[in-house]
Every structure is written in structure tokens, then in C-alpha cells.
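Visitor: I'm new here. Could you walk me through how to read a structure like this one?
Guide: Happy to. Let's take a look.

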Amino acid sequence: MGYDGAMKSSPSKVFPAALLAAAALVLPMSPVSAPAHAQAGGKPLPSIARVGSELNMFIELHNHLLFASRADEDALPEYRSAVKAYRDAKELAKDPAVMQTVTDACIAGPDITAIGSTVTRLPATMSPADQEAVRKMIGAIVSAWPRFERTEGPEHRRSLQTIWSRVMLKHWGLVQDRLLTKLYEKFAFLPLDKSITLYPVLETTELGVSGSTAQGYYAVIPVMKAPNLMIIEEMLHEVTHVIDQYQPPASQSVLIRIRRRAGHVDPQALNSFMHGLITWNAGELVRRLVSADYKPLIDVSSPMREPLAPYLANYEGPWAGYLEDKLTADQAIDGMLAGLKPAPPPAASPAAPGS
Ligand SMILES: [Zn+2]
């Protein structure tokens with residue numbers, strides 16, 4: 001298994017869940033009845049902030065084709081033409097809106113006919129090549145669907161169903177209140193206007209895909225072979241991205257305040273640092289609030305830890321101090337930003353002689 005898909009995704013959206021599988025080999029499964037370290041004094045979670053999950057076989061097929069389109073030429077011979085359409089589409093597509101449109105269509109459904117009709121209402125602002133890429137992928141899903149539904153689909157559904165009911169419904173149901181209460185409190189998030197639904201898929205492709213449909217916000221989570229608590233960490237991680245991305249305009253969340261105060265910071269370093277904060281925090285909240293024995297993903301996966309290594313002191317110092325109520329949010333923000341690499345000075349303009 002490779003990480004190429006993860007590497008190509010935008011850094012703020014990448015969750016290297018390919019690593020989950022590797023980490024799963026060295027970690028015991030955590031029991032559902034992990035000891036609770038419920039925190040005191042948190043406000044009750046508004047019901048719209050609760051995060052649900054659903055199975056969606058259209059997004060599973062889309063993910064399956066995407067996965068095959070990155071593998072060897074004949075990885076999925078029975079879907080050869082659909083996989084080729086995905087490869088061609090990825091060549092054509094210039095805008096992330098292409099993949100977003102296809103993912104949104106699969107999530108919104110509600111059936112294969114409705115998904116197929118997406119291509120009749122593409123925005124005029126989308127370039128012809130991007131429109132063609134959407135048509136190729138949607139066309140591939142529509143043509144592959146009958147076969148998938150008849151052959152591999154039921155097996156995929158059984159595997160997903162097991163993880164979904166055991167982890168995403170049962171285990172998450174036991175721990176989401178304490179995790180989300182702390183998440184909202186510490187990041188000073190405002191509740192969103194619509195709820196979030198998570199969709200598991202088996203294979204690891206473009207990761208942490210999220211978006212918004214008329215029904216609400218969503219995120220797609222690869223779950224194969226990961227132990228329970230890693231899936232819980234991954235869920236919390238992706239939920240953090242979605243809450244951050246769709247904060248109401250009035251929000252003064254900690255992440256918004258960090259971005260506002262980080263004018264002096266190198267933008268690429270800021271991106272890595274922000275993503276690292278979401279990653280580190282998700283693992284740490286699972287460890288602090290669900291199971292003290294839990295080893296967060298960055299502790300068991302060096303490819304995940306490496307990009308965060310320059311910032312670990314920021315998380316383990318100021319952010320942990322803030323989680324423990326030893327620092328205020330502002331102190332934690334200032335402490336973390338002080339340790340970041342400053343932006344390079346603006347390059348001199350070649351078109352300004354004498355200046
Ligand atoms: Zn992420």
C-alpha cells in the first residue's frame with residue numbers, strides 16, 4: 001500500500017489513514033468499555049453538534065474506483081472502462097471542484113439516477129475540461145453501479161457494516177459527548193447550522209474528504225483495518241476540520257484567532273502547524289478522555305509524526321497547558337505562534353528600477 005493519494009491531496013485535508021492499517025498491526029484492539037475520564041464543568045453539547053454516521057454505497061463505489069485508478073493498470077479488470085474513465089478524468093481535472101462535485105453527488109444521492117443527473121446542472125463557471133472530468137467520473141459510477149450492486153457491493157457493505165455498527169455507532173456513541181464538549185470548549189467553536197454525518201469507506205484514497213449538501217455537512221473516513229480508538233481519533237480529527245471550515249461568521253474560534261495573528265508566519269509552516277494542531281489535539285483528547293493507554297496516531301506512525309516534529313513542542317507545551325486550564329487561550333496562541341518560522345521577507349520587485 002502506498003501513500004501517493006495522500007501526498008497529492010491538499011495538506012489541510014490529508015489524513016494519512018493508510019498509516020492506520022500499518023499501525024493496526026502493532027496495536028491491540030481497545031475495548032468498547034474503555035474507562036471514562038469525563039471532564040467536569042463542560043456545557044451540555046447542543047444536539048445539532050452531535051455527529052452521526054451512515055453507510056452510503058455510492059461513495060464506497062466512487063472510492064473503490066478512485067483507489068483502483070491509482071493502482072496497477074489492471075488492478076480491477078472487471079471495472080476496466082470505469083477505472084480508465086477515472087484516470088482520464090484525473091488528467092483533465094484542474095480544479096478541486098471536480099472531485100468535490102462528484103463526492104457531493106454521491107453523498108446527496110439519493111439514487112443512481114439522481115447521481116447521474118448531476119452532469120446536467122454543472123456550473124457554467126466550471127471550465128469545459130473540468131466539466132468533462134465530472135462527466136467521465138459520474139458516467140463511470142453510473143455504468144459500474146449495476147455490477148457493483150450485484151457482485152462486490154454486498155461484501156463491501158458487510159465489512160463496512162461491521163465497523164460502522166461496532167465503532168461509528170456504538171463506541172462513538174459512548175464517547176462523543178465528552179470528546180465534542182471538550183473540542184467545542186477548547187477551540188471556542190460555535191455550533192454549525194446543520195449537523196455533520198460521517199461516511200466510512202474501506203480503502204484509503206484521497207483522505208478526509210468533506211463537504212456540504214442540502215442535508216448537512218459530511219466527511220468521508222477510510223476505516224479498513226484500524227482499531228476502534230484510531231477510528232475514533234480519525235473521526236474526531238475530520239470533525240474538527242469540518243467544524244473549523246464551516247464556522248458561522250460570528251465565530252472567534254481559536255483557529256480563526258491563530259490565523260488572524262499569524263501574519264508574520266511563513267504560510268506553509270502555518271498550514272503544517274495548524275494541521276498538526278488538529279492532529280495532535282484529536283489524538284490527545286482520545287488519550288485524555290477515553291483511554292489513558294491509547295497511543296495517538298503520531299506516536300505509532302513516524303510518517304505521520306515527521307511533518308509535525310518541528311511543532312511538537314508547541315503542542316506539548318502551550319496547547320497542553322491550555323487543555324489543562326493552566327493557560328488561557330490567548331496565552332496558548334501567543335506561545336505557539338512565537339515558536340513558528342517567520343515568513344521570508346517580500347522579494348524585491350524586478351519591475352521597480354531604482355527602488
Ligand atoms: Zn486532517
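Visitor: How are α10 and α15 oriented to each other: parallel, antiparallel, perpendicular or oblique?
Guide: Start with the angle between the two axes. In this predicted model, helix α10 (residues 254-261) packs against helix α15 (residues 329-338) at about 45°, and the axes are 10 Å apart. An angle under 35 degrees would count as roughly parallel, and 65 to 115 as roughly perpendicular. The pair fits neither, so α10 and α15 are oblique to each other. The crossing of α10 and α15 is right-handed.

Visitor: Which residues meet where α10 packs on α15?
Guide: From α10 you have Val254, Arg257, Ile258 and Arg261, and they meet Ala329, Ile333 and Leu337 of α15. Sort the residues of that contact by character and you get 5 nonpolar, no polar and 2 charged.

Visitor: Can we try another pair? What is the angle between α4 and α7?
Guide: Helix α4 (residues 80-92) and helix α7 (residues 128-150) pack at about 165°, with 8 Å between their axes. Anything over 145 degrees counts as roughly antiparallel, which is why α4 is described as roughly antiparallel to α7. Their crossing is left-handed.

Visitor: And which residues make up that contact?
Guide: On the α4 side, look for Ala82, Ala85, Tyr86, Asp88, Ala89 and Leu92; on the α7 side, for Ala129, Glu132, Ala133, Lys136, Met137, Gly139, Ala140, Ser143 and Ala144. The split for this contact is 10 nonpolar, 2 polar and 3 charged.

Visitor: Let me have a go at α11 and α14. What is their angle, and how far apart are the axes?
Guide: The angle is about 55° and the axes are 12 Å apart. That makes α11 and α14 oblique to each other, and their crossing is right-handed. Gly276, Leu277, Trp280, Asn281 and Glu284 from α11 meet Tyr315, Trp319 and Leu323 from α14. Here the residues divide into 5 nonpolar, 2 polar and 1 charged.

Visitor: What about a single helix? How does the span of α5 fit its number of residues?
Guide: Count the residues, then look at the distance between the end C-alpha atoms. Helix α5 (residues 97-108) has 12 residues, and at 1.5 Å a residue it should span 16 Å; the end C-alpha atoms are 16 Å apart, so the two agree. You can repeat this with helix α9 (residues 228-245): its 18 residues reach 26 Å from first C-alpha to last, close to the expected 26 Å.

Visitor: Which residues of α5 are buried?
Guide: Those are Val98, Met99, Thr101, Val102, Thr103, Ala105, Cys106 and Ile107. Among the elements covering them are α3 (57-70), α6 (112-116), α7, β2 (196-201), β3 (210-213) and β4 (216-222). As for α9, that helix is mostly covered, with 15 of its 18 residues buried.

Visitor: Is histidine 275 buried or exposed?
Guide: Count its C-beta neighbours. Histidine 275 has 22 other C-beta atoms within 10 Å, and 20 or more is the cut-off for buried, so histidine 275 is buried. You'll find histidine 275 in helix α11 (residues 267-289). Its C-alpha atom is 9.6 Å from that of histidine 237, although the two are 38 residues apart along the chain.

Visitor: What should I look for in the backbone?
Guide: Most residues other than glycine have a negative phi, and most peptide bonds are trans. So exceptions deserve a look. After α5 comes glycine 109, with a positive phi near 50°. The peptide bond from glycine 109 to proline 110 is cis, with omega near 0°. Proline 110 sits in the loop between α5 and α6.

Visitor: Which residues other than glycine have a positive phi?
Guide: Two to look at are alanine 188, with phi near 55°, and aspartate 325, with phi near 60°. Alanine 188 is in the loop between α8 (152-187) and β2, and is partly exposed, with 15 other C-beta atoms within 10 Å. Aspartate 325 is in the loop between α14 (312-323) and α15; with 10 C-beta neighbours inside 10 Å, aspartate 325 counts as exposed.

How values were computed. Residues numbered from 1 in each chain as written. Predicted model: local features only at pLDDT ≥ 70, side-chain atom pairs only at ≥ 80, totals over all residues. Axes fitted to C-alpha atoms, helices over the stretch in contact; angles between N-to-C directions. Helix = DSSP H or I, 4+ residues; strand = E, 2+ residues; numbered from the N terminus. Left-handed = near helix turned anticlockwise from the far one by under 90°. Contact = placed C-beta atoms within 7 Å. Nonpolar A, V, L, I, M, F, W, Y, C, P; charged D, E, K, R; others polar. Expected span 1.5 Å × (residues − 1). Buried ≥ 20, exposed ≤ 12 C-beta atoms within 10 Å, placed from the backbone.
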